[in-house]
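The following explanation is meant to be read with the sequence and the structure side by side. It passes from the chain as a whole to selected helices and residues.

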Amino acid sequence: NIVVLSLQQLMALHKDFKDLLLFISLIDSQNIPRDLLNSYKDQTIVDNFIHHLKKYSLITHESSPSLTPTFSIHRSTQAISLNYLTSILELERNKNLTSLIVYALKEYINKESDKKDFSEKKFLVNHCEKCLGHKKLLSTLDEGILSGELGHLYYCLSDQKNAKKFLEKSLVFLNKEEKNYNNPLAKILSYLGIYFWGIGEFDEAQKFLEKSLRIYKKFAKKDYEGLSLSYRYLGMLYTDQGHYERAQEAYEESIKILKKHVPNNNLMLASALSNLGRVYLHLGFYKKAKTSIEESSAIYNKLFNRAHINMSDSLTALGYLYSCLGEFEKTKNLLEEVFTIYKENYPKDSRHIAWALRNLGTAYNELGNCQMAKKLLEQSFKTFKALLGSDNIKTKWTLFCLGEAYRDAGDTKKAKDAFKECLKAYEMHYGKEHLQTALILRALGKTYLLEDNLEISEKFLQRALNIYQKKNHPHIYATLEDLSELYTKKSKQIGSNQEAQFFEKKAINCLKQALQIVKTHFPEDSPHITRIQSKLENLTL
């Protein structure tokens, strides 16, 4: 009775206090973000509301000023409040008020979706679960929307089992409402697409993402952010499938929509630019990649401090860029920053940590620190196997990197076993004439070259070179460098001066072609230019 009397007096102070009381009664009573209430009502009203909650001793805890501003109320007080409001507002019969709250919760989650704050997402999971527990007060549409948002939050937290459970549950609810509510359905389809993309089931992912895009395009004027995000998700999928030209088109369309229709969403724009830059790297468009990634980085730097979790995308993209440009020390430093940020925000057995370990391990290997590379890559491989299984293509990506570390450490047998396993998987996943397959072929060629098995090495390197030449990809230069080394070895093994000179000339020609390619595609001060010029000088002395 005392609590009810306090609630009555509180609601009498302002007409919006009743709605705010209902809001905090439907969600979890602990760690309620102030910004969540600000997304529902004016901030001045929310501040006044919280002031009076304190006055009536209804708040049990507030976060410290250095953290995300949250407050908590006693669970029994919350239960009394909900029972009272359900009765006087007839909520089981009139669900409009709860629908408005579900909409506000969904919008807040959407605003936070591109952020990578792990602790914030855990709070939001609790709020979604609690709200979903009030089934009698929710419409079918509200259950569908909340289930979808909860599933996506679980996906972000690497809880694949619960992610799938709630996303599929959401789809069942929203399919009943498809005629009237297309955009929520499109969003859940895109979330399901991302879920299947995350576990490496690309065909399923493509089915859901393309269906989502069709719905968004039909109702685009209602949700340009959703349309842009759908294109971006498709770009991510196409990238992992190796369809780089299609990924480029999807990202460019996403950016075009954002700049025209959602000019104030700088975080989404920064993410899309970063994704586009990475695709340009795959395609060998290094100058375009540099422009796109640096534009993205400038936005991130304005929005966040260097150690913020959202900076990880920008730092990783820059790391990839410097790696392609041959500036491996810069790559390692950036990826170490990313790993430090991830350790502070994600569980050690999450896919995020595994991915950061993979990237950092590759960077160490590029610098010649094979032992550190092996240690990090073996940790990454173990986590990916546990999360996705040994046959998943994402696990094979890490196995390929691990194979390179084995080879560079001198363990060519382990390296060949890893590469052969990857080659079979890559040919099945990407096709025999794909750029990613060429990567494995070149790796095998280099391994046989180390063993002085020159005939087999040449076969693999020529296969890789043919793919790169058909695609007109700048990575031709690296394979030509390998072939130059091979022909140099052949010239030294052959006794005849005439044959030795023949292979020596082939080695020199390979380096000349490689030098021309890097001068065309890389900056004037590129380490690649310096390295190849040095090799040429040694051969022509």
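**Leu150 and the packing of the chain**

Leu150 is in contact with Val125, Cys128, Glu129, Leu132 and Phe166, when its neighbours within four places in sequence are left aside. The model in which these contacts are found is a predicted one. Leu150 itself lies in helix 8, which comprises residues 140–156. With a relative accessibility of 0%, Leu150 counts as buried, because the limit for a buried residue is under 20% relative accessible area. The C-alpha atom of Leu150 is separated by 24 Å from that of His308, a residue 158 positions away along the chain.

The chain as a whole may now be considered. It has 541 residues, of which 57% count as buried. Its secondary structure consists of 26 helices and three strands. Along the principal axes, the C-alpha trace spans about 105 × 45 × 40 Å. Among contacts with a separation of 6 or more, 63% join residues that are 24 or more positions apart.

The interior is the next topic. The largest nonpolar core contains 187 residues, and Leu22, Ile24, Phe49 and Phe71 have the most contacts inside it. Helix 14, residues 266–283, gives the most to this core, contributing eleven residues. For Ile24, the contacts beyond four places in sequence are with Ile32, Leu37, Phe49, Leu53, Phe71, Ile73 and Gln78. Phe49 and Phe71 thus appear both as contacts of Ile24 and among the residues with the most contacts inside the core.

Two helix pairs show how elements of the chain pack. Helix 1, residues 2–13, and helix 5 have axes that come within 10 Å and cross at roughly 60°. The two helices are therefore oblique to each other, and their crossing is right-handed. On the side of helix 1, the contact involves Val3, Val4, Leu7, Gln8 and Met11; on the side of helix 5, it involves Thr77, Ile80, Ser81, Tyr84, Leu85 and Ile88. By class, the residues of this contact divide into eight nonpolar, three polar and no charged.

The second pair is formed by helix 16 and helix 17, the latter covering residues 328–345; these pack at an angle of about 160°, with their axes 8 Å apart. Helix 16 is therefore roughly antiparallel to helix 17, because an angle over 145 degrees is counted in that way. The crossing of helix 16 and helix 17 is left-handed. Helix 16 contributes Ser312, Leu315, Thr316, Leu318, Gly319, Tyr322 and Ser323, while helix 17 contributes Phe328, Lys330, Thr331, Leu334, Leu335, Glu337, Val338, Ile341 and Tyr342. The contact of helix 16 with helix 17 has nine nonpolar, five polar and two charged residues.

One residue from each side of this contact deserves attention. Leu318 is located in helix 16, residues 311–324, and is buried, with a relative accessible area of 11%. Beyond four places in sequence, Leu318 touches Ile293, Ser297 and Leu334; Leu334 is one of the residues that helix 17 brings to the contact with helix 16. The C-alpha atoms of Leu318 and Ala289 are separated by 9.6 Å, with their positions 29 residues apart along the chain. Lys330, in contrast, is found in helix 17 and is partly exposed, with a relative accessible area of 41%. Its C-alpha atom is separated by 32 Å from that of Glu433, which is 103 residues apart from Lys330 along the chain.

Finally, the backbone calls for comment at two loop positions. Asn31 is found in the loop between helix 2 (17–26) and strand 1 (32–33), and its phi is near 55°, a positive value in a residue other than glycine. At 24% relative accessibility, Asn31 counts as partly exposed. Glu90 occupies the loop between helix 5 (75–89) and helix 6 (96–112). Although not a glycine, Glu90 has a positive phi of about 50°, and a relative accessible area of 42% makes Glu90 partly exposed.

Notes. Residues are numbered from 1 along each chain as its sequence is written. This is a predicted model: local features need pLDDT of at least 70, side-chain atom pairs count only at pLDDT 80 or more; totals for chains, interfaces and linings use all residues. Side-chain values use heavy atoms; hydrogens and water are left out. Helices (H or I, at least four residues) and strands (E, at least two) are DSSP runs, numbered from the N terminus. Buried means under 20% relative accessible area, exposed over 50%, partly exposed in between (1.4 Å probe, protein chains only). Axes are lines fitted to C-alpha atoms, for helices over the stretch in contact, and angles run from 0 to 180 degrees between N-to-C directions. Angles under 35 degrees count as roughly parallel, over 145 as roughly antiparallel, 65 to 115 as roughly perpendicular and the rest as oblique. A crossing is left-handed if the near helix is turned anticlockwise from the far one by less than a right angle, and right-handed if clockwise. Contact means heavy atoms within 4.5 Å. Ala, Val, Leu, Ile, Met, Phe, Trp, Tyr, Cys and Pro count as nonpolar, Asp, Glu, Lys and Arg as charged, and the others, Gly among them, as polar. A nonpolar core is a set of buried Ala, Val, Leu, Ile, Met, Phe, Trp, Tyr and Cys residues joined through side-chain atoms within 4.5 Å.
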